[in-house]
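Colleague: I'd like to learn how to read a model like this one feature by feature. Could you walk me through it?

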Amino acid sequence: MPEHRDDADHDRWTPRHSAELYGLEDWGGGYFGVSEQGTVVAYPHGSPEHAIDLHEVVRGLEARDLQPPVVLRFDDILAHRMGHLRRAFDDAIAEAEYQGRYTCVYPIKVNQQRHLCEEIRDVGRTLGFGLEAGSKPELIAGLALTEGHNDMLFVCNGFKDEEFIETVILAAKMGRNILPVVEQTHELDLIARSAERHDVTPRFGVRAKLASGGVGRWAGSAGFRGKFGLSVSQILAAVDQLREQELLDGLQMLHCHIGSQIYDIRTLKYAVSELTHLYVELVKLGAPMGVLDLGGGLGVDYDGSQSARDSSINYTLEEYASDIVHRVKAICDDADVAHPHIVTESGRALVSHSGVLVFQVLGSRTFPDEPDQALVKRALEQDSDETPQPLLDLVDAWERLQDGADPGEVYHDAEHALSEAVSLFSLGYMDITCRAATEEIYWAIGMRLLAEEGDDLPEDFADLPDRLGDIYFSNFSLFQSLIDAWGIDQIFPIMPIHRLDERPDRRGTLADITCDSDGKVDRFPGAAEPETTLPLHRLRKGGDGGPAGEYEPYYLAVFLTGAYQETLGDLHNLFGDTHAVHVVANGDGGWSLDEVVEGDTVREVLRFVQFSPDDMRRALRKEIESAVASKHLTLREAVRMRRFLDDGLDGYTYLE
Ligand SMILES: *Cc1c(COP(=O)(O)O)cnc(C)c1O
């Protein structure tokens, strides 16, 4: 091949460059990659032999009249994650010659959507997994899900009342493998009363409040001041009480939950040590025990850095399993206590990867690379004797920049001139045309500085990319679909799902369509620190009149959204649930839709807030009719207005 061709190839931007730029392999967990066509693909079985093209799926959904925003759920990825966790513990158990078993109970609260829970139940059955509930609705959901599968372990945490406890006691009597966990001392009395009433020996666990606190955001889940669990002295008193009531035989499990997203494996080690020692002591006190439940917390590497920061984790699934198994074994062997059945309540780590949120960009706000010369001319000519000094200074600065002056210096001058311009304007000494021209020139100077020194900006200009970055307006609600990005500043990986064979030459933040200035995303995975802007492609003209109007559709996806985002989200601005579809891998290498869960309609969200859509429709139709009578509307206009209302009520809450 001739030499110059080599050079050309070297400069060509390929999908591989995009994969690297967005860190796809770092955070993708082996479930995502890029195609030669420049699209993102999902690997449903964790390996590239079978690839599902996300862009193709989204276009396929649109052809079925399901517009983004949409949540894609990959059941195969979920099943693969479950299998991975199973294997990690099986291997650790075999390697350590551990005598106990391992079970993961899926905490329903992490994502309660029925189809997903059923998938976990079905796959979980073959892997020996169970379920966990933390409230009455989840208890009932869990009972229904495990119906016909009596052997599936069902752990019940959370605050409980008499009704809750009695339901659990009776379910156990029906043959269910159900274990309530005592979170507060008075729940022991409820259990004792209920057991006596129904003449059964109850089985239950206690939740311990450990001294080893949790870390990061969920530090409050554990520690002496934790909201849940019994302190060591309360547990000791409980053992005495149980022995007196002849119920000590029922105490079969010790539980703790030190918080979600444990990012540093050391935190886990401390907690496992403390809890296992407590377990051993309880055995010595005569409790039968048998099950050691370490709660949730197995984390997800959202930013792909494999480090001990809260958007990442500094351990693998294998290390997590191996650390637990070895530690529990060592402590029990020392005390000559039988190895317990280990349970974890891993939620986030099971379901995160299987959920992908896709939405369309509606348009962008970009700052000009060049000032609008016509505007500047108009400003200078309109009252040439009285042209405000800051405008003259900016015009001069721009000219110096064209003559090769140092952009940093010019930018400093421009900043100063702009602030003077704003003062003059606020005092009434500058008109709108001059104000507009000064802003235009200032932005263009900033953009030039960014373009020339963007890669290593001097300290002084560190905030420039944020101030001059593009804003991509996006058809989704942060509050409905990405609540943790708002509530706890969580970082999620985000990238375009197509055009990856083009170099993304813009940088920007994302703004959602709620009327809330907090509805934005400006934290993205970064190597050392979170990045404040995301590389993005320039929008292309030539749209088909969809929500993006004149622009060609541009689709972005947020990955690792399977845990917590769907039900924690809210109805801010009455943007409802998005569509959710279950995409499954076909035997022939393709994909198909297993389930389509349509998002909320306008009618449904209005009902949530007690409006009656039918009454509203009637009242508005009446008004339209009288507008026709009074000739404010033509008959044709009235029909259009009525149709808009009817279609609107039954339509999607997002832009279509
Ligand atoms: C929330 C919760 C979990 C799940 O935690 P993850 O970090 O998602 O694994 C497990 N157990 C209890 C008691 C919880 O409250």
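**Reading the model**

Modeller: Sure, let's start with the record. UniProt, in an unreviewed entry, lists residues 385-449 as "domain: Arginine decarboxylase helical bundle". Keep in mind that this is a predicted model.

Colleague: How much of residues 385-449 is helix, and how much is strand?

Modeller: The span is 80% helix and 0% strand, and its end C-alpha atoms lie 31 Å apart. There's another annotated stretch to set beside it: the unreviewed UniProt entry also gives "domain: Arginine decarboxylase C-terminal helical" for residues 602-655. In that span helix makes up 72% and strand 0%, with 12 Å between the end C-alpha atoms.

Colleague: Now the ligand. Which residues come nearest to it?

Modeller: There are 16 residues around the ligand, and Lys109, Ser260, Glu345, Gly347 and Tyr564 come nearest. By class, the shell splits into 3 nonpolar, 8 polar and 5 charged residues.

Colleague: And how do I read the polar contacts? Which part of Lys109 is involved, side chain or backbone?

Modeller: Look for N or O pairs within 3.5 Å. For Lys109 the side chain is involved: one of its N or O atoms sits 2.6 Å from an oxygen atom of the ligand. Gly297 uses a backbone N or O atom, 3.0 Å from a ligand oxygen. Arg348 also offers a polar backbone atom, at 2.9 Å from an oxygen atom of the ligand. As for cover, the ligand on its own has 390 Å² of accessible area, and the protein covers 92% of that.

Colleague: What about open space in the protein? Which residues lie nearest the centre of the largest pocket?

Modeller: Those are Leu450, Gly454, Asp455, Pro465 and Arg507, out of 32 lining residues. Helix 17 (432-453), helix 18 (464-468) and strand 16 (506-511) are the elements that give two or more residues to this lining. Helix 17 gives the most, with 5 residues. The pocket holds about 1,000 Å³ of space, and its lining divides into 15 nonpolar, 5 polar and 12 charged residues.

Colleague: Last one: backbone geometry. What should I look out for?

Modeller: Most peptide bonds are trans, and most residues other than glycine have a negative phi, so exceptions to either are what to look for.

Colleague: Where is there a cis peptide bond here?

Modeller: Between Pro68 and Pro69, with omega about 10°. Pro69 falls in the loop between helix 4 (54-63) and strand 4 (70-74).

Colleague: And which non-glycine residue has a positive phi?

Modeller: Asp336 does, with phi near 60°. You'll find Asp336 in the loop that runs between helix 12 (317-335) and strand 12 (341-344).

How values were computed:
Residues numbered from 1 in each chain as written. Predicted model: local features only at pLDDT ≥ 70, side-chain atom pairs only at ≥ 80, totals over all residues. Heavy atoms only, no water. 1 Å grid on protein atoms, 1.4 Å probe; cavity = no way out; pocket = protein on both sides within 12 Å on 5 of 7 lines; lining within 4 Å. Points joined across faces, edges and corners; volume = space filled by probe spheres on them. Helix = DSSP H or I, 4+ residues; strand = E, 2+ residues; numbered from the N terminus. Nonpolar A, V, L, I, M, F, W, Y, C, P; charged D, E, K, R; others polar. Near = heavy atom within 4 Å. Polar contact = N/O pair within 3.5 Å; in protein donor to acceptor, adjacent residues only side chain to side chain. Areas by Shrake-Rupley, 256 points an atom, 1.4 Å probe, with all protein chains shown as cover. UniProt positions renumbered as here; feature names shortened; annotations may be inferred.
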